[in-house]
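Hi everyone, thanks for having me. Could you pull up the structure on your screens so we can walk through it together?

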Amino acid sequence: MPSPSSAAQGMGTMSNQGMIAGEHPTTRAGDLAAGKASYTTFCAKCHGDSGKGDGSAGVSLQTKPRDFTNCAEMTPMPDDMLFKVIKDGGAASGMSREMPPWKDAFEDPEIKDLVAYVRTFCKK
Ligand code: HEC
């Protein structure tokens with residue numbers, strides 16, 4: 001998967017100035033476009049394009065995924081928690097193991113992108 005930072009790395013010299021300057025990728029804000037692309041490819045089949053948990057595979061799960069458009073349920077959930085569920089899977093957070101862990105598929109910054117994108121389903 002192309003890293004969002006690869007374009008920046010291609011610019012300028014081969015020096016590692018960016019790292020010396022302390023620009024740590026996990027501290028940047030989530031990239032919504034990247035999050036959306038990952039979501040559509042890997043998550044929508046269960047969580048649905050609209051985030052309502054109505055993806056083609058989602059409807060046959062034992063535990064129906066939460067409705068991401070439900071602000072009353074989603075807003076109180078801290079980013080850390082969403083991050084952990086995505087990274088380590090549902091079971092690690094006491095949720096359904098039908099939510100797979102994605103730590104082998106995504107780097108931490110990409111998971112942040114996903115959290116940021118998941119947040120966009122709640123419109124308020
Ligand atoms: C195989 C189906 C499936 C896929 C694919 C899947 N999920 Fe899930 N996900 C679930 C289920 C089921 C739950 C609900 C777990 C529970 O509530 O016990 C869940 C829960 C979550 C939660 C926690 C919110 C909550 O309280 O329910 C987040 C955040 C989440 N998924 C994000 C993602 C992201 C991002 C991806 C893609 C990288 C993804 N999921 C892919 C099935 C899936």
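Okay, let's start with contacts along the chain. If you take contacts in the protein chain with a separation of 6 or more, 51% of them are between residues 24 or more positions apart. Keep in mind that this is a predicted model.

Now, what is the chain built from? It has 6 helices and 0 strands, so if you read from the N terminus on, you just get α-α-α-α-α-α. As for burial, 19% of the 124 residues in the protein chain count as buried.

Let's look at how some of these helices meet. Take α3, residues 32-47, and α6, residues 108-119. The axes of α3 and α6 come within 7 Å of each other, and they cross at roughly 90°. That angle makes α3 roughly perpendicular to α6. Who's touching whom? On the α3 side you've got L32, A34, G35, K36, S38 and Y39, and on the α6 side E110, D113, L114, A116 and Y117. Sorted by class, that contact has 6 nonpolar, 2 polar and 3 charged residues.

Next up, α6 has another partner I'd like to show you: α5, residues 79-88. Here the axes of α5 and α6 are 9 Å apart, and the packing angle is about 120°. Is that parallel, perpendicular or oblique? Roughly perpendicular stops at 115 degrees and roughly antiparallel only begins over 145, so α5 is oblique to α6. The crossing of α5 and α6 is right-handed, by the way.

If you zoom in on that contact, α5 brings D79, L82, F83, I86 and K87, while α6 brings I111, K112, L114, V115 and V118. The class count for α5 with α6 is 7 nonpolar, no polar and 3 charged residues. Did you catch L114? That residue of α6 is listed in the contact with α3 and also in the contact with α5.

Last stop, the ligand. How many residues surround it? There are 23, and the closest are C43, C46, M95, S96 and M99. The helices we've just talked about come back here: α3, α5 and α6 each supply at least two residues of the shell around the ligand. Which one gives the most? That's α3, with 6 residues. And by class, the shell divides into 16 nonpolar, 4 polar and 3 charged residues.

That's my tour, thanks for listening!

Technical notes. Residues numbered from 1 in each chain as written. Predicted model: local features only at pLDDT ≥ 70, side-chain atom pairs only at ≥ 80, totals over all residues. Axes fitted to C-alpha atoms, helices over the stretch in contact; angles between N-to-C directions. Helix = DSSP H or I, 4+ residues; strand = E, 2+ residues; numbered from the N terminus. Parallel < 35°, antiparallel > 145°, perpendicular 65-115°, else oblique. Left-handed = near helix turned anticlockwise from the far one by under 90°. Contact = placed C-beta atoms within 7 Å. Nonpolar A, V, L, I, M, F, W, Y, C, P; charged D, E, K, R; others polar. Near = placed C-beta within 6 Å. Buried ≥ 20, exposed ≤ 12 C-beta atoms within 10 Å, placed from the backbone.
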